[in-house]
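Student: Please take me through one part of this model at residue level. Start from a single pair of residues, work outward, and tell me where to be careful.

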Amino acid sequence: MPVNGGRRVFLWLQAVACTALALVGVAGPVAAREFRAADIQEESYPTVQALRYMDQLVTERTGGRHRIRVFHSRQLGEESQTIEQTRVGAIDINRINVAAIGNAVPSLNALALPFLFRSDDHLYKVIDGTIGEDILDALEPSGFIGLTFYDSGARSIYTVNKPVRTLDDLKGLRIRVQQSDLMEQMVRALGAEPVGIAFGQVLTALQTKLIDGAENNWPSYVTTGHHKIARYYTVTRHTMAPEVVIMSPRAWSELSPEDRIIFRSAARESAKYMREQWQSWEVRTEKEAVDAGSTVVKTFDRTAFEDATRALRDAARADPILGPLITRIEAVH
């Protein structure tokens, strides 16, 4: 389906959402079905390819009874729109960043806290282990079935007019963030003004100077063309919030116990596939940015950035839900 058909699909999904909500808990196992999966990234992006790999596994293991049709490039809406549509069953499967869904599932905010993870390896040990399993289980009371985590690299700050090396360089800048309370608090703690706009609107906002910069990982910085406008990329790696693959309770209720095992297994195998793709993409897109003229700042006042966001981590530790999770995460070695 072409991207410009996305608006029609989105309006149709809105129209059926109320009906889908009424059917949650009523549907039973179905013999065969095509499941709709949403992703805001463009077609070749690792998360989209991983969802397609999941489709291949599901198709093979169900003998073609079940399929997953992947809608990429925001065809089913921006992240903020697809969350509720997944909850009510208008969208069956959704790949979404944990920070974007943190307002709906507070426990996920633990994974998005700034400067919490010490390294990629630390993150992998958390999301691949019992902590990750517990967090996926915690999605169900909020109206989602957690299937697996995808990688999302580390997010860093990029700007249009000047490089960021100190907190003073951020003062007064309008920085785009995901539509997340936690991300807004983080950017405000760093001294900048957070602007919560949809992912698909960031390029225009940079071009029209509505914002002075944004923050994201290497692949997203390059595949969106942001690197052509915001040519200063400071490798702050301030958050390593992963992606989470969720399923609507309605779609889940339509799977037999045997098919649920197949879907979970396929999702987790697609996560391994995605991680392999992701690592090569990070290397390639960083090189593309440099070759295109981006200035990469790797030396900056990291301690000051960590100190500026310490209050956010301390407040989270005092939270009865997040506190125990953070303690467990920090204890992983």
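**From one residue pair outward**

Tutor: Start with I96, which stands opposite V244 in β10. This is a predicted model, so read each position as a prediction. I96 belongs to strand β3, residues 93–97. Its partner strand β10 covers residues 243–247. The two strands run antiparallel, and five bridges join them.

Now widen the view. β3 and β10 sit within an open sheet of five strands. The order is β2-β1-β3-β10-β4, and the pairing is mixed. Which strands stand at the edges? They are β2 (66–71) and β4 (145–150). Each has a single partner strand, so one side of each lacks a neighbour in the sheet. On average, neighbouring strands here are turned by 25 degrees against each other, with direction ignored.

Move to β2 and its partner. β1 and β2 run parallel and are joined by six bridges. Take A37 as a reference point: its bridge partner in β2 is V70. How does the chain get from β1 to β2? It crosses through α2, and this β-α-β crossover is right-handed.

That brings in the helices. α2 spans residues 46–61 and lies across β1 (33–38), β2, β3, β4 and β10. Its direction makes about 165 degrees with that of β2. A second helix, α12 (residues 257–291), also packs on the sheet. α12 touches β1, β2, β3, β4 and β10, and runs at about 20 degrees to β4.

Next, α3, at residues 79–88. Its buried residues are E79, T82, I83, Q85, T86 and V88. Just past the end of α3, G89 has a positive phi of about 100 degrees.

Now another set of strands, built around β9. This strand runs from 232 to 239. β9 is mostly covered, with six of its eight residues buried. It pairs with β5 (residues 155–159) through four bridges, and the two run antiparallel. In that pairing, T159 stands opposite Y232. β9 also pairs with β11 (residues 295–297), this time parallel, through three bridges. There, T234 has V297 as its bridge partner.

One residue of β9 needs a second look. R237 lies in this strand, yet its phi is positive, about 45 degrees, although it is not a glycine. Most residues other than glycine have a negative phi. Is R237 buried or exposed? Neither: its relative accessibility is 32%, so R237 counts as partly exposed.

K209 also has a positive phi without being a glycine, near 65 degrees. K209 sits in the loop between α9 (202–207) and β8 (213–216). Its relative accessibility is 58%, so K209 counts as exposed. Check both torsions if you prepare this model for calculation.

Turn to α14, residues 310–317. L312, R313 and A316 are buried in this helix. Seen down the axis, the buried residues of α14 fall within an arc of 95 degrees, so they line one face. Residues three or four places apart in an α-helix point the same way, because there are 3.6 residues a turn. The other side of α14 carries A311 and A315, which are exposed. What covers the buried residues? The cover includes α8 (181–189), α13 (302–308) and α15 (322–330).

Stay at the loop that follows α8. G191 is placed between α8 and β7 (193–196). It has a relative accessible area of 33%, so G191 is partly exposed. Leaving out residues up to four places away in sequence, G191 touches L170, K171 and G172. D307 is 116 residues away from G191 along the chain, and their C-alpha atoms are separated by 12 Å.

Last, confidence. The chain has a mean pLDDT of 93, and 92% of its residues reach 70 or more. Where does the pLDDT stay under 50? One such stretch is residues 1–5, with seven contacts beyond four places in sequence. Another is residues 14–26, where the pLDDT is below 50 and the model has 14 contacts beyond near neighbours in sequence. Where pLDDT is low, the predicted coordinates should not be read in detail.

Terms used. Residues are numbered from 1 along each chain as its sequence is written. This is a predicted model: local features need pLDDT of at least 70, side-chain atom pairs count only at pLDDT 80 or more; totals for chains, interfaces and linings use all residues. Side-chain values use heavy atoms; hydrogens and water are left out. Two strands pair if DSSP finds at least two bridges between them. Axes are lines fitted to C-alpha atoms, for helices over the stretch in contact, and angles run from 0 to 180 degrees between N-to-C directions. Contact means heavy atoms within 4.5 Å. Buried means under 20% relative accessible area, exposed over 50%, partly exposed in between (1.4 Å probe, protein chains only). The arc is that of the directions from the helix axis to the C-beta atoms. A crossover is right-handed if, with the strands pointing away from the viewer, the path from the first strand over the helix to the second runs clockwise. pLDDT is the predictor's confidence in each residue, from 0 to 100.
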